[in-house]
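Visitor: I have a structure on my screen and no idea where to start. Can you show me how to read a few features?

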Amino acid sequence: MKDSLNHSESLLVHFRRMESLKAEAVRYPSIHLNKRQLCNLELLLNRAFYPLTGYLTQEDYERVLDFQRLSDDTVWPVPICLDISEKSAQSLSQNERIALRDEEGFILAVLKVKSLWKPDLRKEALRIWGTEDPEKHPGVRSFFDETGSWYVGGSLEGIQLPFHYDFNEIRLTPPEVHRRFSRNGWRNVLGFHAEDFLHRSHVEAILSAAREANSSILIHPSIGLGDPGEPRYYALVRSYFEILRNFPKNLIMLALLPSFSIQAGPREALLQAIVRKNFGCSHFLVARDHADPFAGQSGTERFYPPHSARKLVEEYESETGIKMVPFEPFVYVKEKAEFVSPEELGAEMQPSELSPSELLRRMENDLKLPEWFTYPEVVAELKLAFPPKSAQGFTIFLTGLSGSGKSTLAKVLLVKLMEMRDRPVTLLDGDIVRKNLSSELDFSKEHRDLNIRRIGFVASQITKNGGIAICAPIAPYEESRRHNRELISQYGGYIEVYLSTPLETCELRDAKGVYAKARAGKIKGFTGIDDPYVPPANPEITIDTREFNPIEAAQKVLLFLEEQGYVR
Ligand code: PPS
């Protein structure tokens with residue numbers, strides 16, 4: 001009785017402390033965290049990143065880059081820093097307290113600034129990913145694209161873990177997972193980091209590894225960037241529930257981890273292992289190409305040498321306290337009607353294969369999957385996650401000089417696609433967007449990029465919801481076009497149409513008289529005249545409107561859509 005009173009008393013004290021911290025924090029300067037930063041904050045606050053209790057200071061940061069260790073010598077492979085813009089950095093000072101807020105403005109924690117510096121991001125890329133070339137490594141590209149130019153380090157006082165409303169019953173903190181392990185009497189637990197759908201071969205391989213390690217299993221998918229507004233996310237998590245049914249009941253547990261992959265190969269594998277240790281795992285499964293940016297892509301060379309992630313996790317086993325277990329893919333052998341391990345696979349046996357790209361092709365074209373590959377319940381979720389192309393949304397992104405024929409082609413396409421009565425169609429013409437969405441923007445590079453990204457965002461929402469977006473801005477720069485391609489391709493089709501009509505023709509047409517004004521110096525920085533247009537590197541379709549009239553050009557696009565399976 002006394003104990004429970006003490007417990008509720010201490011809870012009350014804790015609650016009051018949080019309330020007063022929150023009341024004080026309202027007056028502090030604020031930083032609004034993006035999705036990635038919220039993941040890291042949650043892992044710091046819930047102790048998944050133990051022994052870190054805050055963001056790295058500059059001293060720790062340099063040690064992590066150079067030696068994979070904190071200044072007290074603890075092994076730590078990847079910097080956990082809070083990146084901010086130069087403008088925010090200029091307004092902060094040592095020992096100042098900052099309120100860390102989520103995207104909606106709720107205060108989640110207070111950061112006491114100990115260290116503020118401008119990191120050498122190229123050095124960081126080289127140390128962590130092994131290259132500073134964004135063209136060679138998508139992880140490095142995202143890092144450069146998404147990281148603020150200043151870092152702030154210091155200790156954290158948590159007020160509230162980031163809010164989640166999805167799958168809360170399996171969003172477990174390290175202490176909660178620990179408690180479940182001990183309640184079940186699980187001493188040895190094998191952690192499995194998942195990011196994608198799991199199938200029969202995964203189940204066989206995980207079970208076999210667990211038998212070797214004499215352990216139970218924690219399926220621990222990393223879902224930090226999962227979008228709760230996207231059907232694919234729900235299908236993925238539901239598929240994990242389905243997968244669980246294929247394991248012995250008393251051996252398996254599922255929990256979601258609010259983390260994201262930076263695709264940093266060995267260093268990231270080591271971080272993932274440390275995190276699983278903090279959740280109470282004794283063993284961690286490491287794939288041959290773990291956290292490699294090209295893992296799972298058949299016919300593509302991996303970025304990191306094979307087994308390098310395994311070697312690194314193994315090298316630090318005695319310090320981290322978690323053992324590396326190799327994840328060996330099992331293969332299905334038709335003549336034996338079962339899965340076999342790589343050692344059991346005789347030279348005379350012919351393994352059946354279904355590569356990720358072949359899986360996607362079959363989903364997109366509504367084709368059957370072989371029974372040996374996965375479970376019917378997982379197939380049902382896959383169908384929701386990857387509807388056939390004919391049911392997906394898509395974006396047609398027209399780009400080219402003013403007068404190249406974008407708007408006319410866009411209008412014809414709108415009519416043709418509306419006539420099909422297949423999906424809702426939205427036209428985002430350059431002019432319409434400039435008037436309604438980007439009226440405050442000028443034609444500087446910065447504002448043009450912002451304009452194109454806004455168009456991309458709207459198109460991505462339309463595509464995500466199964467509609468068709470037709471965009472027709474000039475979009476003179478490759479970077480923002482690539483950003484849109486990457487964003488929109490996650491949700492459906494992206495078809496870039498380059499209107500390659502040359503400047504002379506556009507200028508001759510000059511329907512709006514804008515070229516004449518630009519030549520007379522009345523419009524400054526006009527695309528093609530005194531501002532650049534960078535042609536797309538790999539457009540799906542190129543059309544020179546000197547050779548095709550608008551109806552013919554639209555037909556060319558429609559034939560492409562038909563050939564690709566987007567329209568029937
Ligand atoms: S961008 O570069 O993609 O943001 O441009 P966009 O939003 O498509 O806007 C292009 C239309 O704005 C008119 N306009 C200019 N274009 C290029 N450069 C400058 N400086 C400029 N100032 C105004 C131009 O007439 C474009 O209309 P369209 O319909 O393409 O002719």
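Guide: We will take the ligand site, then some single residues. Keep in mind that this is a predicted model.

Visitor: Which residues come nearest to the ligand?

Guide: Start with the residues around the ligand, then pick out the nearest. Here 20 residues surround the ligand, and Ser402, Arg434, Arg448, Ala475 and Lys512 come nearest.

Visitor: What classes of residue make up that shell?

Guide: Sort the shell by class. It has nine nonpolar, five polar and six charged residues.

Visitor: Which helices each supply at least two residues of the shell?

Guide: Helix H16, residues 430-436, does so, and so does helix H17, residues 445-464.

Visitor: Which atoms lie at short range from the ligand's oxygen atoms?

Guide: Look for N or O atoms on the protein side. A polar atom in the side chain of Arg434 is 2.7 Å from a ligand oxygen. The side chain of Arg448 also has an N or O atom 2.7 Å from an oxygen of the ligand. Ile474 uses its backbone instead: an N or O atom there lies 2.9 Å from a ligand oxygen.

Visitor: How much of the ligand does the protein cover?

Guide: Compare the ligand on its own with the ligand in place. Alone, the ligand has 620 Å² of accessible area, and the protein covers 90% of that. As for the space the ligand takes, it is the second largest pocket.

Visitor: Now single residues. Is Asp166 buried or exposed?

Guide: Use relative accessibility, with buried meaning under 20%. Asp166 has 9%, so it counts as buried. Asp166 sits in the loop between strand S6 (150-158) and helix H7 (174-184).

Visitor: Which side chains does Asp166 contact?

Guide: Look for polar contacts. One of 2.8 Å joins the side chains of Asp166 and Arg171. Another, of 2.4 Å, joins those of Asp166 and Tyr233.

Visitor: Is Glu301 buried or exposed?

Guide: The cut-off for exposed is over 50%. Glu301 has a relative accessible area of 71%, so it is exposed. Glu301 also lies in a loop, between strand S10 (283-287) and helix H11 (308-315).

Visitor: Why does Arg97 count as partly exposed?

Guide: Partly exposed covers the range between the two cut-offs. Arg97 is partly exposed because its relative accessible area is 32%. Find Arg97 in strand S4, residues 97-101.

Visitor: How do I compare distance along the chain with distance in space?

Guide: Read both numbers for one pair. Arg97 and Val425 are 328 residues apart along the chain, and 49 Å separates their C-alpha atoms. For Glu301 and Glu169, the numbers are 132 residues and 39 Å.

How values were computed: Residues are numbered from 1 along each chain as its sequence is written. This is a predicted model: local features need pLDDT of at least 70, side-chain atom pairs count only at pLDDT 80 or more; totals for chains, interfaces and linings use all residues. Side-chain values use heavy atoms; hydrogens and water are left out. A residue is near a molecule or strand if one of its heavy atoms lies within 4 Å of it. A polar contact is a pair of N or O atoms within 3.5 Å; within protein, one must be able to donate a hydrogen and the other to accept it, and residues adjacent in sequence count only if both atoms are side-chain atoms. Accessible areas come from the Shrake-Rupley method with a 1.4 Å probe; for residues, only the protein chains shown count as cover. On a 1 Å grid over the protein atoms alone, a cavity is a set of points where a 1.4 Å probe fits but cannot get out, and a pocket is an open set with protein on both sides within 12 Å along at least five of seven lines; lining residues have an atom within 4 Å of a point. A molecule sits in a cavity or pocket if more than half of its atoms lie within 2 Å of its grid points. Helices (H or I, at least four residues) and strands (E, at least two) are DSSP runs, numbered from the N terminus. Ala, Val, Leu, Ile, Met, Phe, Trp, Tyr, Cys and Pro count as nonpolar, Asp, Glu, Lys and Arg as charged, and the others, Gly among them, as polar. Buried means under 20% relative accessible area, exposed over 50%, partly exposed in between (1.4 Å probe, protein chains only).
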